[in-house]
Amino acid sequence: MQKLQIASGKGTASEKRRRKDKMVMNVWCWLFMALAVGFYILFQGYPIICSIQYSLLNWSGMTGYAEYVGLANYRELLHDELFWNAFFNSFKYTALIVPLELAVSLFLAYMLNNEKLKGSSVYRTMYFVPVVTTTSVVGIIMIFILGVQGPVNHLLTSLHISGQPVNFLGNAKYALPTLVVISLWKDCGTYMIYWLAGLQSVSKDVYEAATVDGANRRQTFFHIVLPLITPVGGIIAILCAINSLKVFDIVKTMTEGGPFYATDVIATYVYRSAFSSEIGMPRLGYASAAALFFGGAVIIIGLVLNGIKGRLSKNI
Amino acid sequence: MRKKQLGALLLAGIMAVLPLSGCGAMPSTGNRTEESADAGNTDTSGDKEGAEGKQEDSNEKITLRIVDWSDGSAQQREKFHEKYMEEHPNITIEYTMLTVDQFKNTIVTMIKSGDGPDIFPIPGGMTLKTAVEEGWYQPINSFVTEDFAGQFDPRSFEEGVTHIGDEWYTITEQMPVIQCLFFYNKDVLEQAGVTEIPATYSEFREACKKITENGNGSVYGLIDGGKQVNRMDVLARSLAAAAGGKVAAITKVLTVDGRAPYDTEEMKQAMGFLKSLVDDGSIHPDTVNISAPEAREMFAQGQAGFLCQGMWCISPWGEGYPDLNYGVMAVPVPDGVTDTYVQGGELSPWIGVYKQSAHPKEAAEYLMALFSEEYGYQSSCVADGAYISVIPAINEKYMSNEIMKEYYRIATETSKIVPTIISRDEKANDFYVEVKDIQPSLGAIVQGIFSQSITDFDGQLKTLADSSTEEWKRACEAVGMDYSSLEFPNWDTKKDYTDQDYEELK
């Protein structure tokens, strides 16, 4: 009995020390995170909470007066055809760009990951240059390049690929795919870097073993490397999808959501509602509701897809 | 465990409270009239006293912050600032030129944080009354001399635009002139064999066809900044008015027979005319993708025969394309239509002095210099063809640009003053705060026609007219304004709408 008590006493002391260590560790963790949490609260948390409040108001954003309207803005959104047009355009854009972005950037990364490739750092820089170029500059240059009298149309007509110049940005059919191609060119450098990081985490031994077993470069990639880097690919896909759903700058610069709303995405819709109006005042409250509704919809869709994925993997 | 829960609760509390603590800048949801009155009645005497106190030390270093969007006269403004700072070594001008959208995004935040610029314009869509009620501006009467006020064209002062009662708040930038006349490139027309300047739809269509055929894919009939919906709106309204329709000026509202006049025969004629140009292939294919300044450049480069824009084009062309051989003509009318009109330019408020400005006297002095002959800003703007000044003496002396004179002549001959609800009913200020924009708008429909995204423009116009009528009725009811105030039954489009006409409706 006496022994047990002593043992229990020791246990309490070590437990206390463990708890103390854990607490100290927690304090350090929070201390290191404090700056990030502070910035998050200031620049993400606060605007989100403000947006929630604004979404319940009939407010132009320009006057001090606002009328509380409850969920009226959300109800109005449900019947707003242009909101749904922008909503689906955002998803259309994402569905088009994510697979292309993943495939092209992976292809480039795999090519550049080859140690035998001379001047790979030059190529890496070359592919990365569009990423650091300001989007508005890209937009202005691309409007010129893709213009009816621009070099692309000149090439197409000179080579008799097209009899008439193609109105890439002025035709509702081509405008969104054209934006996708330009975004692909502009952003694939970023994703290429992510893929490169993933590829470089694959041990050289794996490549050597595959070579010893007689696998060619294609077989090595599809049967060995790709399965190993798939988790990285999942993260890249998520990042790419998030960036695509909130695309704004390239659309704003090149088409302003036109022609006739063909490239209008949620971000341009929200911007237009919040800051410009042809008659009367803009509607910041309504725009906030649109942004939150879209954000909520994306979260719900993400959760549903995650659930489906979970069920499928269980069944497999 | 309990400590953990408490810690989590505390953290959650902090996270919730911290953001809310910043909500002081959020809008009030109280009674509109009381709130407005409170803001409007904020005592400024302290500011004035403070400012006067500061005047005692004339050598005090002062920075005047000015924000606007006047890109059409940017060069002249820069020169003016240089000269002004030379003459006033204690004053530094911090001038920021933004786009209209950028301005709208930033001005509210600046004002809410009490850090508004000393001088800034009223953003489009907001009336002077609303701006004053929000505490944005202070009267300049006590800071400017009587001589200064006396040099202005009396037509540049208007209740609700520059003044509220006896208080003078804003100065308008220029005399209102219509924003939509057609410029033509004489060389392009000559090369295409167009010898007569077109006046009717069919003549214009024929001229555009000839230019496009002769251009062989390099030159087209008409070009415009189709990416800017507001420019397309002006085009549609001007064409419909020239066809004889009763249409309000841009951003304004009025009804015809109790309806928003967007699906009238004249509007359909105007849209049909634009569609016929599209069907002929006469519209420059880049029109939908470019802004108004880009269209201006491409016109000057000889890529199109015609361009529909305003007087502001003349100055940049003089600077960048001195050899451009061009002229200006009236808005084309449907065949057989004569004695018609386009909406005369409307006086709009421009810059005023910030209510919380620490240097209202210096700000007012800056304004006096900006409109004086001595500093050369007005005279250079007029001489370069940027605009018609609000100072008649300067126009008489410096208006030497022949194209500008021609533009002004045509504008004066073809435009008529159209009625506005603000001049008729004070509640119209509240109406414009309340009313919601209906989309697709008139400008967006024109864009749809140009991009061939719309085939049935009649249906789109009807939807716009129905939705606008419904919304305008709702907005009138919300602000307690009689919906019939939007109707002007005594309006004769062949004549200017005068004060007497407004009186008749009382």
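**Architecture of chains A and B in a predicted model**

From the N terminus on, the secondary-structure elements of chain A follow the order α-β-β-α-α-α-α-α-α-α-α-α-α-α. This amounts to twelve helices and two strands, as they appear in a model that is predicted. The radius of gyration of chain A is 27 Å, whereas the globule rule gives 20 Å for 316 residues; the value is well over that expectation, so chain A is more spread out than a compact globule. Along the principal axes, the C-alpha trace of chain A spans about 95 × 70 × 40 Å. Of the 316 residues in chain A, 32% are buried. Among the contacts of chain A with a separation of 6 or more, 69% link residues that are 24 or more positions apart.

Helix 5 of chain A illustrates how a single element is placed within the chain. This helix covers residues 135–146, which is twelve residues. The expected span is 1.5 Å times one less than the number of residues. For helix 5 of chain A this gives 16 Å, and the C-alpha atoms at the two ends are 16 Å apart, so expectation and model agree. The buried residues of helix 5 are A:Thr135, A:Val138, A:Gly139, A:Met142, A:Ile143 and A:Leu146. Viewed down the axis of helix 5 of chain A, these buried residues fall within an arc of 135 degrees, and therefore they line one face of the helix. The elements that cover the buried residues of helix 5 include helix 4 (120–132), helix 6 (151–158), helix 7 (172–200) and helix 10 (249–254) of chain A.

The loop between helix 10 and helix 11 (266–275) of chain A contains A:Pro259, and A:Phe260 lies in the loop between these two helices as well. A cis peptide bond joins A:Gly258 to A:Pro259, with omega at about 0 degrees. The backbone of A:Phe260 has a phi near 45 degrees, which is a positive value in a residue other than glycine. A residue is classed as buried if 20 or more other C-beta atoms lie within 10 Å of its own. A:Phe260 has 24 C-beta neighbours inside 10 Å and therefore counts as buried.

Chain A also touches chain B: 43 residues of chain A are in contact with 49 residues of chain B. On the chain A side, helix 1 (2–54) and strand 2 (67–68) each supply at least two of the residues involved. The largest share of that side comes from helix 1 of chain A, which contributes six residues. By class, the residues of chain A that touch chain B comprise 23 nonpolar, 16 polar and four charged.

Chain B contains 22 helices and 14 strands. Of its 506 residues, 47% count as buried. Where contacts in chain B join residues at least 6 apart in sequence, 77% of them are between residues at least 24 apart. The domain assignment divides chain B into domain 1 (57–171 + 346–375) and domain 2 (176–344 + 405–506). The centres of domain 1 and domain 2 of chain B, taken over C-alpha atoms, are separated by 30 Å. Contact between the two domains involves nine residues of domain 1 of chain B and nine residues of domain 2 of chain B. On the domain 1 side, the residues that touch domain 2 of chain B are one nonpolar, six polar and two charged.

Several local features of chain B can be located in its loops and helices. B:Gln439 and B:Pro440 are joined by a cis peptide bond, with omega at about -5 degrees. B:Pro440 is in the loop between helix 19 (428–434) and helix 20 (442–450) of chain B. Another loop, between helix 10 (229–242) and helix 11 (265–279) of chain B, holds B:Asp257. Phi of B:Asp257 is near 55 degrees, a positive value in a residue other than glycine. A residue is classed as exposed if 12 or fewer other C-beta atoms lie within 10 Å of its own. B:Asp257 has 9 other C-beta atoms within 10 Å and is therefore exposed. B:Gln500 lies in helix 22 (residues 499–504) of chain B. With 8 other C-beta atoms within 10 Å, B:Gln500 is likewise exposed. B:Gln500 and B:Gly150 are 350 residues apart in sequence, and their C-alpha atoms are 25 Å apart in space.

Technical notes: Residues are numbered from 1 along each chain as its sequence is written. Chains are lettered from A and ligands numbered from 1 in the order in which they are written. This is a predicted model: local features need pLDDT of at least 70, side-chain atom pairs count only at pLDDT 80 or more; totals for chains, interfaces and linings use all residues. Domain bounds come from an automatic or database domain assignment. Two residues are in contact if their C-beta atoms, placed from the backbone, lie within 7 Å. Ala, Val, Leu, Ile, Met, Phe, Trp, Tyr, Cys and Pro count as nonpolar, Asp, Glu, Lys and Arg as charged, and the others, Gly among them, as polar. Helices (H or I, at least four residues) and strands (E, at least two) are DSSP runs, numbered from the N terminus. The arc is that of the directions from the helix axis to the C-beta atoms. The radius of gyration is taken over C-alpha atoms; the globule rule is 2.2 Å times the number of residues to the power 0.38.
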